[in-house]
Every structure is written in structure tokens, then in C-alpha cells.
Amino acid sequence: MKTISKLLFVTMLYVSLTTTVVAHDTDKQIYKKVDDLMKKMTLQEKIGQLQQLTGRNSEITGPSGEKINTEESIRRGLCGSLLGVKKAEDVARYQNIALNESRLGIPLLFGYDIIHGCRIIFPENLGISSSWDITAIEKTAQIAAREAASMGIAWTFSPMCDISTDPRWGRVSEGSGEDPYLGAKIAEAMVHGYQGKDLSDPNTILACVKHFAAYGAPQAGRDYHTVDMSRRMFRDRYLPPYRAAINAGAATVMTSFNDFEGVPATGNKWLMRDLLRDELGFTGFIVTDWGSTDEMCAHGVAANGKEAAKLAFDAYVNMNMVDADYIKYGEELVHEKQVSEKTIDLLCREVLAMKFRLGLFDNPHRYGGDRYKSETYRPENLEVAREAARKSMVLLENNGILPLKGSEHIALIGPYAANRKEMSGAWRGLVEHHRTTTFLEGLQTRFGKDNITYVEGCKPFKAIEGGIAEAVAAAKKSDVVLLTMGLPNSCSGEAASLTSIEVPQVQRDLLTALDSIGKPIVVLLVTGRPMDVGFEVKHADALLVTWHAGTMAGPALADVVSGDFNPAGRLTMTFPLELGQVPIHYNMKRTGRPMLSPDSKAKYFSRYIFTPNEPRYPFGYGLSYTTFDYSDLKVLTPEVAMGESVHVSVKVRNSGKRDGAEVVQLYLRDDIASTTRPVRELKGFERVELRAGEERTVEFEITPEDMSFWTINEEFAQEPGTFHLWAGHDSNATLEGVFTVKR
Ligand code: GLC
């Protein structure tokens, strides 16, 4: 054998051996290491691993509780995790305290709310869900994980899996809308994006399924309010995204603030033990939400922090976020035999096992260091953000004014036109606003600075002296007005509930004034929630929902309004005709007196006296610069046995003059079932790119699981009978098919 090939052989042999030797520990090996470590730990130190605290300069995302000396707690082994630490340097400093100044040197786990990006901010989640592009969504989570990991963060409190049908609730901006099927697909994709295939990879981080559970259904859309629903409704409509994320291998789950069946989630044994661990088989660890253990006192189910801690321990909630009830009362509860040390061991074991899986014991500084200098704001990732933002935008009205020809002089007006910060939405703790490209900058780059006149016109909630007059003057000298309207970041996310979903009046006054001069107006709606846009559509020639589009908002907007990109966003949450219809969503139940047709005048039916039942824009709706026609829906298997899938095909043609993407949607109705079923439910979708004139046959498989629901027999099962299905452009699709499942 020649020397070179011998050298190659030896090298390959070495690599394979060392690779094998450093191959990842199996869970068995991990738990062996955990158990060996726990044998050295005191009860106090085991409870310490179950306590999460904030660091100095941490982002504070909840009411401030009692002051705890974090560094001292770390030294005493009374803290296992920190959240909200914003700098890699601070992560390293705290980690060194844990490693060098605590008795056992157990590394800390650093968590952060990386909700829709880390440094690079992608569109807010409700926005990016409107892309219906699962691959793109997973990619954004993967990039967010890499950026976060480079800043020392090994755990994100995401994906938020809360289904919601109430736009009064500010946190709809963090979720994936009203539909369980789409929400489940997105939750699964985000877990895969964050966690990848190997948690010990220093570019992957722990995901966290939140907020468990049903937090998205607070009464009256008021954040933290009571949630009260049947278990059947919960299982059919709210559980699927949580379950999908857990089945995707999510490492952690976060308890929600709300009560469920009268018991706060954080102390709810049915939710946390019977359902989450026993039925869904969740094996990771559970963290409370911010102070939600101690808040069980405010809920009125615990007289004090000690009782609250017991409730959380008994629910097998591993880690306590921010309030100190675990480290204050844990030992006492064990000594009084109110909580067994076995429970503490069980809870601590999972937390330590996760730290081993992350490789924190091999190298406690594997996350962070100075990697962020090369890892954040990478040009290729900014392009991903640009693509995600333009795919998220939803065109709701257009009389042909869009796409712009490119020769027009544009008057860009409104409070969000040149605003960097307001492009980020909620949960933007690590963004560097100066890296965000504004709408103005994006449009100037695309159309030339000389073709754009910018006027702010007003602030989001208040007038600017002379602002309207200046805006009108600019509009008069333009060929088209692009008017940014909507809500600022502060109206998105947590503690941001509203009793009106209309655009603030001061902005409408600006629109009215502009409309009076007769120039075409395109409203650009900046929002993190569905809004009542009845006034806007009366005065505008086009309405484009941009959402809070993130770091690349400007280039993405320019791509869409110029026609360089044909908008393909589809609503994932219903836009009501008016707030009085809320909660309104496409997958409602039929009732015993369903309206026979939208224009029926019959009295004794489920309806309003003066208002239609139909929303302004339904789930799945969105326009394109081209048109799509559907034909030839075929149920390829019109009769199947229980346990068999049904196969369906439909033809979709791009019947317009522009290439474009269409989200082909498939809806199903179980005609007769043992419990009432929705009028229709999304059970398939495919985003297809079609050249002008191109026709494509799209096939769907409807599995027995897709047909299953929580039956009268209290089980998730399929039932025989006939099913109707529809395929088309949105949840009002009319192309119909039927099949039968034989007993
Ligand atoms: C907040 C939020 C939760 C977040 C946590 C940590 O109160 O409810 O979504 O992950 O606290 O910031």
C-alpha cells in the first residue's frame, strides 16, 4: 500500500474511532452521570436546580417580585438557570460564578424569549404563519437558534402554541392563528428549527412549548383572565399544537398563567401529570411562567408561597421562574413530609439530564463566547428574513393600483413609514434597531430617493401640528399614496389587550384628508392582530397587511409593492366585520339552527339582527397579482374502511399573467358524528409556485388521524360515516367532494 493511501487509511481509522468514542451519551449514560452527581448534592442544592432567576440587566418581562441576590444564590447553589441575560459577556460571568464559586460547580442554563428571531427579527409569529411556508418558518427558527446560541442562550421560551380566536388578546401576535392543524404544523417546524437533530450541537437550543395550556382563550380577550372550556373543546381545538410540538421532541414546556377547570395551570395535576406526562408522554422538564407559582395566591388557591410551592411540586413542575417559592419553602415542605424528597429528585433529575444533553457539563461555555460577532446579522440570514417578511404580507384589497409601475412619484405617509423600532413587534429584547431597514429606506432603494416623498403625518395615537396639511401637500404632488396605518409594538404581545380593534382615530383623520384629494391610496397595515378595517377599505384602493415585518421590513415591502414579488400571504386568523362578532373563526360548530344562506332573512336562526355572520376576510384568504382557478376535484378513494386513508386530487391553474404562489387548502367536514363537529376544518394545504398559465394537480392524503376527534366515548378516534370536503383558495372553498368510511 502506497504511503499516501496508508496515511489516508490511518487518518480515516482515527477519525472513525474518535468519532465513535466521543459519540453522544445515550440517555442511559446521561442518567447514570446525573444520578452520580445527585448523590453528592444536598437537598438544598437539588431544589436550587429548580429555581430560575433573572440576572443583572436582564430583560424584565413581568411584575417585579421580591429582590433576590442572584449572584449569592448561585454561589449557594440555589439557582439552576437564569433568564433574560442579554449579553454573552454576562452569561460567561454568571457561568463562572456557578463553576468556580459554588460547591459543586453545576453549570447554569440560560433562557430567553427568542420568539420570532434573536438579533435578526423575523415577522411576528401571526405574520409569518400567514406565509403558510413551513420550510421557511423552520429556517427562521434555526437561524434564531444559531444567533441565540452564539450569545450564550441555550433555551428559548418558544414556540408559543396557543390557539386563539379573539383579536382583543394582544398575544395573538405570538401565535399561529386560529387553526389547530396549521398551528400544529408550525409548532412542529419551530421545534425542529430550534433543536435540530442534536441538542449537543452548540448551534441548537432547547425549545419550550407554551403556554400550557389554553392560555389563548381568556375571557373577553383580557390577558391572564379566566379560561373556561370543556375538555372536549380543549382537546379538539387547543391541544393539537402543544401535542405536535411535544411529539416533535420539545425539550421543555411552560405552564400558563390561567386557570383551567378552576385550577391554575401551574398547580394543575390533570394538565401537567395526567395529560402532559402520562398521556402525551412528555419526558422533558416543565418551567413555570413568570411568577406563576406565587400567583396561585392571587388566584386564591394558595394562602401563601409555601402552599403555592407545594401545588407546583405536586404537579411535577420542575422549575420555578423568578418568584422564590421553591428555594424559600422547598426544604421545609420536604422536612414536613408535605413533599417527598423523591419528588424533588425526580424534578431535579430531568433538569440536570437536559444540561448534560446540551453538553454543558462537557463545556459550560459552549454557548456564547464571542461567536455572536460572526454569527449574528449574517447577510444570508438577512435574506431569509427578507423572504419571510414578503411571504408573510397579505394583500386584502387591490383595485389594480398594485403592483406599482415604477414610474409613479410615491408619497409615503404615516407613523410607521420611517420607523425602525415599530417594525419589530413584541419580544424584541435582543434586536439592534439600527439594523432594521425602514419602509422608506426599502422603497428609496427600489424606486430611487427622488421618487419618494415622505411625511410622517401623525403619531400612532396623536396628531402632529400641521402633519395632515403636510401630508396632503405631499400627496397632491404624487401619483400614489402609500399610507402606513395600524398599531405600534406596544399593542402586540403580553399585557396588550384591547377593547377596540380599529385603527386609532388620528390615523383615520389622516386617511380621510388624503382621500379627499382623489389620489390612489394603498394602506399598509402594521399590526400584530386582526383589525376592523371597515373604514380603511372605504377610503383605500388597496390594503396590504405588512404585520410587524421585522429587520428586513423595508426591502420586503418594496419587493411586494413593486411586483418583484407576487404576494401570497393568506390569513391564519379571521378579520371580523366588526368586533361584535368576536369570537369568530371559520371552524365554528353548525348549531341546531344554522343560517341557511348568508342573505337569508329567516328569523329563527343563529344570526344577528343587523349584522351578517360572515367576517370581512375569512381564514385562508389573501389576494395575489394573478388569479388561480380550481377544477377537477377528485376523491380517488370514495369509499374506505376504518383505518384507511382517503386520497384526493385537485387541479389549480394560474389563470393570470404573472407567476405566483397559491396556498391550496383542503377542508373536511364529518357529516354525522357522536359529538357536534365544526362546519369545516383544515386538513391539508400545499403552497405551490405556478408560472402564468401553468396548471398543477395537487394531491392530498386524509389520514384516519385527520378524521379523528375526541368522541363521545372519551377517546381520540375515527368514526365511520360520510365526509364532505372542499378544496380551494380559502376557508370558503366551494369545490366539493364526498367520501364514505365504512364501519
Ligand atoms: C412572560 C411570558 C412568557 C415568557 C416569560 C419569560 O410573562 O408570559 O411567554 O416566556 O414571561 O419572559
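Modeller: A polar contact is a pair of N or O atoms within 3.5 Å. With that in hand, we may turn to the ligand in this predicted model.

Biologist: Which side chains have an N or O atom at such a distance from an oxygen atom of the ligand?

Modeller: Two examples are His-211, whose side chain places an N or O atom 2.6 Å from a ligand oxygen, and Glu-494, for which the distance is 3.0 Å. Thr-61 also has a polar side-chain atom 2.6 Å from an oxygen atom of the ligand. The protein covers 100% of the 310 Å² of accessible area that the ligand has on its own.

Biologist: How many residues surround the ligand, and which are the closest?

Modeller: There are 14, and the closest are Thr-61, Asp-113, Arg-171, His-211 and Asp-289.

Biologist: Let us move to the helices. Where do the buried residues of H2 lie when one looks down its axis?

Modeller: The general idea comes from the geometry of the turn. An α-helix has 3.6 residues a turn, so residues three or four places apart point the same way. In H2, which runs over residues 27-40, the buried residues are Ile-30, Tyr-31, Val-34, Leu-37 and Met-38. Seen down the axis of H2, these buried residues fall within an arc of 120°, so they line one face of the helix. Exposed residues on the other side of H2 are Lys-28, Lys-39 and Lys-40.

Biologist: Which helices do the buried residues of H2 pack against?

Modeller: They pack against helix H3 (43-48) and helix H14 (341-358). As for its length, H2 has 14 residues and reaches 20 Å from its first C-alpha to its last, close to the 20 Å expected at 1.5 Å a residue.

Biologist: What does the comparison of spans give for helix H7?

Modeller: The 17 residues of H7 (residues 134-150) should span 24 Å at 1.5 Å a residue, and the end C-alpha atoms are 25 Å apart, which agrees.

Biologist: Which residues of H7 are buried, and what covers them?

Modeller: The buried residues include Ala-136, Ile-137, Thr-140, Ala-141 and Glu-147. Their cover includes helix H5 (88-101), helix H6 (125-129), helix H8 (180-195), helix H15 (372-375) and helix H16 (379-392).

Biologist: What is found at the start of H7 and just after it?

Modeller: At the start, a side-chain oxygen of Asp-133 comes within 3.3 Å of the backbone nitrogen of Thr-135. Just after H7, Gly-152 has a positive phi of about 95°.

Biologist: How should single residues be read? Is Thr-70 buried or exposed?

Modeller: The general idea is to compare the relative accessible area with a cut-off: buried means under 20%. Thr-70, which lies in helix H4 (residues 70-75), counts as buried at 10% relative accessibility. A polar atom of the Thr-70 side chain lies 2.7 Å from the backbone oxygen of Thr-54. Leaving aside residues up to four places away in sequence, Thr-70 touches Leu-53, Thr-54, Leu-82 and Tyr-94.

Biologist: What is the relative accessible area of Arg-696?

Modeller: Arg-696, in strand S22 (residues 695-702), has a relative accessible area of 28% and is partly exposed. The Arg-696 side chain makes a polar contact with the side chain of Glu-694 (3.3 Å). A polar atom of the Arg-696 side chain also lies 2.8 Å from the backbone oxygen of Glu-689. Beyond four places in sequence, residues that Arg-696 touches include Val-650, Lys-651 and Val-652.

How values were computed: Residues are numbered from 1 along each chain as its sequence is written. This is a predicted model: local features need pLDDT of at least 70, side-chain atom pairs count only at pLDDT 80 or more; totals for chains, interfaces and linings use all residues. Side-chain values use heavy atoms; hydrogens and water are left out. Helices (H or I, at least four residues) and strands (E, at least two) are DSSP runs, numbered from the N terminus. The expected span of a helix is 1.5 Å times one less than its number of residues. Buried means under 20% relative accessible area, exposed over 50%, partly exposed in between (1.4 Å probe, protein chains only). The arc is that of the directions from the helix axis to the C-beta atoms. Contact means heavy atoms within 4.5 Å. A residue is near a molecule or strand if one of its heavy atoms lies within 4 Å of it. A polar contact is a pair of N or O atoms within 3.5 Å; within protein, one must be able to donate a hydrogen and the other to accept it, and residues adjacent in sequence count only if both atoms are side-chain atoms. Accessible areas come from the Shrake-Rupley method with a 1.4 Å probe; for residues, only the protein chains shown count as cover.
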